[in-house]
Amino acid sequence: MEDLRLSPLRLGSFKSSPPRGSPTFRRVHSGRTPRREVKANGGALQWFRSNRLLYWLLLITLWTYLGFYVQSRWAHVDDNKVEFLRFGGKLREDVLHVEQSKRVDSVVDMTTHSVVDGTNVVHVDVNKRMHVALAKKEDVTPRRSLSARRRRRRKAGRSSRSKTQKVRKVVEDLDEQDPELPKTNVTYGKLFGSFGSLEDKILEWSPQKRSGTCDRKSDFKRLVWSRRFVLLFHELSMTGAPISMMELASELMSCGATVYAVVLSRRGGLLQELIRRRIKVVEDKGELSFKTAMKADLVVAGSAVCATWIDQYMDHFPAGGSQIAWWVMENRREYFDRAKPVLDRVKLLIFLSEVQSKQWLTWCEEEHIKLRSQPVIVSLSVNDELAFVAGISSSLNTPTLTTEMMKAKRQALRESVRKEFGLTDKDMLVMSLSSINPTKGQLLLLDSAALALERANEPEQVAKGTQSKIKNLNGIKKEKISLSVRHRLRGSARKMKIKSRVVDNPSVLSATGKRKLLFSANVTQKQDLKLLLGSVGSKSNKVAYVKEMLNFLSKKGNLSNSVVWTLATTRVASLYSAADVYVTNSQGIGETFGRVTIEAMAYGLPVLGTDAGGTKEIVEHNVTGLLHPVGRLGNKVLAQNLLFLLRNPSTRLQLGSEGRKKVEKMYMKQHMYKRFVDVLVKCMRP
């Protein structure tokens, strides 16, 4: 009972009462009147303090109410989330990272909204409400007046409408493919692909089985081992620049480097492929990407479109230009104009070809731009997967999958794909794979193919006309055919043989300039021309241009029956295997380099290309292919080249063989990364 405390009054109650008149009685009972006053004035307070249970219940009620209030504001007003997470006016870094991952530039598709953290992908239906949380907000004092609340509601309404418009604009930018062009046979006539599953079945190998492809003894591996890299993608379309940057990231990771990808536009279909390859994608192209780049040993920008990001990054981190290598993959003036404000601020420019390098240096001289260092030329290469299927020695070959075995498997793949297309051995399949837009010249290619088909039928018509004339002469006066008529017939036949010899000799054709390809005497069987066009569904396609092509085909019945289409895909080994000829018909100043050109040559295809840009550096006229002028003037020449290869299968094989040898000598992966070592030495931190 030691804890029990009794009041003095209770303790005194156990003693006998003193006499009333004694001093002790007066001393004991003198405090009763003040006690009653305190009880009368402060009794409620004393009673509240003595009831601790009620005190804690009241605190719990207030705390619960505050919690529900905060939770409701958190759930319904995303813009205020950051406000509740502040402490002392400063936002925690972990909260900042979460909020930045929900910016407007997060992944938005027409059907799903994807958020990528490098390993996990979360899909959210875009039909649901899309909230956009700002990374930072200014501290504001609480406004309790009614007018202040109304102003805040109006401001929030305007802000939400503007954000909704931003999200809608992002969705429109990401999906430029017109919904009026469904990817069906009804629209395109004959649409095939992709053949990824067929490749896996016949080759008994797939990219998912890919292991490390790094050359452990190379200087490239020695320089990148345990280093950090940031690769800047301008978009994720299935075109040359993004695919090349993705393969560079894979090679760096294979050699022991840490790689982060900063994507400026999620347009395209490479996001899932980046995830499959376990490439870490930085969700923010602003503050978070800048911090990631500051910690990197080297930043590689993969397009002239990256100029805006580079400018913002160097404003944030002025010394950052010393660690940026800018791999420019465009060669048009509008791209130079976009990039020129920061050309002299980056450490090094990388170009794809001599033509491109000379053109950009000329523009720099005109604009009085002095570069920090001499540009480096690093041409693209054929990746290991395509070289492996083509039967070229690569890092993927094993004792059970030798080059000879892969050549046999590729032949089986060729037969299967051509069967899917409905082709026979006598058909010559001409292929052109790229985004469909005016700069690629597919409409001009269709015009040339139509002209070639018309001319291919002329010898038969001439022969039938000649035979009918002879029959008429025999019917009218069979016994009176003059010797002069016979002489003329023999003379015309002699002229036909001479012309055929001219056609069969490519060197003579280049000297004469004009090719008479209508009478070839070396063909043992009739060849039919078929045309394969891609890539349907690419985000870089121009829908109006695609419609113009379809309208052109609708007016050319014979040509439309000879054209097949294929979907955009990264699994193109089956298409190269099935083709016989490749056409790159880029207009204007031509291709900057032409990655598909060297890929086609690796598969032994002769290339018919425009005499401009990087194509004329790759394709040697009459050695690895045939060149033609750009524009309408090149249509007739391209038609003659098509007809020439149609009539001369042996020449096709010879040109393709020479092209394959050139690729093996100059454009394999080891050649590209050997040149890339110079970039690492000049730009990377020691």
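This is a dialogue about how terms are applied to a predicted model.

Student: What does the chain contain overall?
Tutor: The chain has 29 helices and 18 strands. Of its 686 residues, 46% are buried. The accessible surface is about 37,300 Å², and carbon and sulfur atoms hold 54% of that.

Student: Why is Trp56 called exposed?
Tutor: Exposed means over 50% relative accessible area. Trp56 has 53%, so the word applies. Trp56 sits in helix α4, residues 52-76.

Student: What makes Tyr55, Trp56, Leu58, Leu59, Ile60 and Leu62 a nonpolar patch?
Tutor: Residues in a patch need over 30% relative accessible area, and nonpolar side chains are joined within 5 Å. These six names form such a patch on the surface: Tyr55, Trp56, Leu58, Leu59, Ile60 and Leu62. Together they offer about 620 Å² of accessible area.

Student: How do you know that Ser574 is buried?
Tutor: The cut-off for buried is under 20%. Ser574 has a relative accessible area of 0%, so Ser574 is buried. Ser574 belongs to helix α24, residues 573-578. Leaving aside residues up to four places away in sequence, Ser574 touches Phe195, Glu199, Leu413 and Val417.

Student: Why is Ser657 called partly exposed?
Tutor: Partly exposed lies between under 20% and over 50%. Ser657 has 34%, so the middle class fits. Ser657 is part of helix α28, residues 649-666. Its C-alpha atom is 5.4 Å from that of Gly604, although the two are 53 residues apart along the chain.

Student: What is the strand order in the open sheet of seven strands?
Tutor: The order is β5-β15-β14-β13-β16-β17-β18, with parallel pairing. β5 (191-192) and β18 (625-628) each have a single partner strand, so these two stand at the edges. One side of each is left without a neighbour in the sheet.

Student: Which helix packs on the sheet and touches β13, β16 and β17?
Tutor: That is helix α25, residues 595-602. The direction of α25 makes about 170° with that of β16.

Student: What makes β13 and β14 a pair?
Tutor: Pairing needs at least two bridges. β13 and β14 have seven, in the parallel sense. One of the contacts joins Leu429 to its bridge partner Lys530 in β14.

Student: How many bridges link β13 and β16?
Tutor: There are two, again parallel. The requirement is at least two, so β13 and β16 count as paired. Met431 has Tyr582 of β16 as bridge partner.

Student: And how many bridges link β14 and β15?
Tutor: Four, in the parallel sense, between residues 528-536 and residues 563-567. Leu533 has Trp565 in β15 as bridge partner.

Student: Why is β13 described as largely enclosed?
Tutor: Seven of the seven residues of β13 are buried, so the rest of the structure largely encloses the strand. In a regular strand, side chains alternate between the two faces of the sheet. On one side of β13 lie Asp427, Leu429, Met431 and Leu433, and on the other Met428, Val430 and Ser432. Both faces are covered.

Student: What makes Arg418 and Asp580 a salt bridge?
Tutor: The limit is a nitrogen within 4 Å of a carboxyl oxygen. Here N to O is 3.0 Å, so the pair qualifies. Arg418 lies in helix α18 (residues 403-421) and Asp580 in the loop between α24 and β16, so the pair ties together parts 162 residues apart in sequence.

Student: Are Arg418 and Asp580 buried or exposed?
Tutor: Buried is under 20%. Arg418 has 4%, so Arg418 is buried. Asp580 has 12%, so Asp580 is buried as well.

Student: What makes Glu366 and Arg333 a salt bridge?
Tutor: N to O is 3.4 Å, and the limit is within 4 Å. Glu366 is in helix α16 (residues 354-366) and Arg333 in helix α15, so the pair ties together parts 33 residues apart in sequence. Glu366 has 49% relative accessibility, so Glu366 counts as partly exposed. Arg333 has 27%, so Arg333 is partly exposed too.

Student: Which network of salt bridges includes Arg333 and Glu366?
Tutor: The network links Arg333, Asp337, Lys340, Glu366 and Glu367. The structure holds 30 salt bridges.

Terms used. Residues numbered from 1 in each chain as written. Predicted model: local features only at pLDDT ≥ 70, side-chain atom pairs only at ≥ 80, totals over all residues. Heavy atoms only, no water. Patch = residues over 30% accessible without salt bridge, like charges linked within 9 Å, V, L, I, M, F, W, Y side chains within 5 Å. Areas by Shrake-Rupley, 256 points an atom, 1.4 Å probe, with all protein chains shown as cover. Salt bridge = Lys/Arg side-chain N within 4 Å of Asp/Glu carboxyl O. Buried < 20%, exposed > 50% of the residue type's maximum accessible area, 1.4 Å probe, protein only. Contact = heavy atoms within 4.5 Å. Axes fitted to C-alpha atoms, helices over the stretch in contact; angles between N-to-C directions.
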